[in-house]
Amino acid sequence: MVMRMNKTEFIKELSNKTGYNEGMCLQINNIIEDTFLIGKKNKEKMINDFKNKLNINEEEANKIYETAMNIISSEIKNKLKHPFKKM
């Protein structure tokens, strides 16, 4: 069964994959929502926002970015494969 991921499920999945608590993942989600996902400059902006707002280093910011984008892209692929399935 394919599930449509909402904000809460995304935050829980991000928490599971990164090991961060849900409060930190909520901050990460807010940064992602405030930044358009497509484009190299936006990737750099998002990573810089992670570093500045979460007080983490470049390596950790890149890990968070990659993890979040993997979750989002897998959900987009699922939706494209099964466009009419509901929760």
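This is a short tour of a predicted model, moving from the nonpolar core to a buried asparagine and then to a surface patch.

**Stop 1: the core.** Select F10, I28, I32, F50, L54 and I56. These residues have the most contacts inside the largest nonpolar core, which has 21 residues. Now colour helix 1 (7–18), helix 2, helix 3 and helix 4 (58–81): each of them supplies at least two residues of this core. Helix 4 gives the most, with seven residues.

**Stop 2: I32.** Keep I32 selected and show its surroundings. Apart from neighbours within four places in sequence, I32 is in contact with F10, L37, M46, F50, A68 and I72. Two of these partners, F10 and F50, are also among the core residues with the most contacts.

**Stop 3: N29.** Go next to N29, which lies in helix 2 (residues 22–34). Its relative accessible area is 5%, under the 20% limit, so N29 counts as buried. Setting aside residues up to four places away in sequence, N29 touches K7, F10 and I11. F10 thus appears in the contact lists of both N29 and I32.

**Stop 4: the surface patch.** Switch to a surface view and select F36, L37 and I38. Together they form a nonpolar patch on the surface, with about 330 Å² of accessible area. L37 was already met as a contact of I32.

**Stop 5: F36.** Finish on F36, in the loop between helix 2 and helix 3 (40–54). Is F36 buried or exposed? With a relative accessible area of 59%, over the 50% limit, F36 is exposed.

Technical notes. Residues numbered from 1 in each chain as written. Predicted model: local features only at pLDDT ≥ 70, side-chain atom pairs only at ≥ 80, totals over all residues. Heavy atoms only, no water. Helix = DSSP H or I, 4+ residues; strand = E, 2+ residues; numbered from the N terminus. Buried < 20%, exposed > 50% of the residue type's maximum accessible area, 1.4 Å probe, protein only. Contact = heavy atoms within 4.5 Å. Patch = residues over 30% accessible without salt bridge, like charges linked within 9 Å, V, L, I, M, F, W, Y side chains within 5 Å. Areas by Shrake-Rupley, 256 points an atom, 1.4 Å probe, with all protein chains shown as cover. Salt bridge = Lys/Arg side-chain N within 4 Å of Asp/Glu carboxyl O. Core = buried A, V, L, I, M, F, W, Y, C linked by side-chain atoms within 4.5 Å.
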